[in-house]
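Reader: I have a model open and would like to learn how to read its features.
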Amino acid sequence: DLTEPDWPWISPAEARREAAERLSHRPKAVARFAARGGSSGGFPPVWAELSDPNAKPAKELVPNVDALLRHTMAMLLAGDEAADNGDDSSPERAAAWSAAQEAVASVPPGSREGLARCLEYLQKRIGVPRDMSLPAARRLR
């Protein structure tokens, strides 16, 4: 990898496990943080939209964000060989994918756009190396 040549010792499976471990360390806090993407900016407003310290989470979205992040962890853990080969036929990965699809389907249609904004908010704010290694962050994103 020409971008970060110092990471070749982390295999894709290890990166997925690290990403899942980091999410599982404080899942409620991560969900609350991500839910900030579903609310309007904090007050007083700041110029740096990616680092608004005054942003408040959209409390109504926290349970759905938490559920989807838990399904994300399951997909990360179930996807070792299958994800590397582009094969979704392993029983673990198929079950994790099916459960994730059911969770998304259970979200009221009016909340899906806000939920997508929450996940994008988290995606843009994963810090390397503060939060996890570069390979793990790439897998999670």
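Author: What follows goes from the overall fold to the pockets and then to a single glycine.

Author: This is a predicted model: local features need pLDDT of at least 70, side-chain atom pairs count only at pLDDT 80 or more, and totals for chains, interfaces and linings use all residues. Residues are numbered from 1 along each chain as its sequence is written, and side-chain values use heavy atoms, with hydrogens and water left out.

Reader: How many helices and strands does the protein have?

Author: Helices (H or I, at least four residues) and strands (E, at least two) are DSSP runs, numbered from the N terminus. Here the protein has 7 helices and 0 strands.

Reader: What share of the residues is buried?

Author: Buried means under 20% relative accessible area, with exposed over 50% and partly exposed in between (1.4 Å probe, protein chains only). Of the 141 residues in the protein, 38% are buried.

Reader: How is empty space found, and what is the volume of the largest pocket?

Author: Rolling a probe the size of a water molecule over the atoms shows where empty space is left. A pocket is an open set of points on a 1 Å grid over the protein atoms alone, where a 1.4 Å probe fits, with protein on both sides within 12 Å along at least five of seven lines; lining residues have an atom within 4 Å of a point. A volume is the space filled by probe spheres set on the points, which are joined across faces, edges and corners. The largest pocket has a volume of about 500 Å³.

Reader: Which residues lie nearest the centre of the largest pocket?

Author: They are Leu68, Thr72, Met75, Leu140 and Arg141, out of 21 lining residues. The largest share of this lining, 6 residues, comes from α3.

Reader: What about the second largest pocket?

Author: Its volume is about 350 Å³. It is lined by 14 residues, and Arg22, Val30, Phe33, Leu122 and Asp131 are the closest to its centre. Two or more lining residues come from each of α1 (12-25) and α2 (27-34).

Reader: Why does glycine 38 count as buried?

Author: Glycine 38 counts as buried because its relative accessibility is 18%. Glycine 38 sits in the loop between α2 and α3.

Reader: Which residues does glycine 38 touch?

Author: Contact means heavy atoms within 4.5 Å. Leaving out residues up to four places away in sequence, glycine 38 touches Ala58, Leu61, Gly114, Arg117 and Cys118. Glycine 38 and alanine 58 are 20 residues apart in sequence, with their C-alpha atoms 5.4 Å apart in space.
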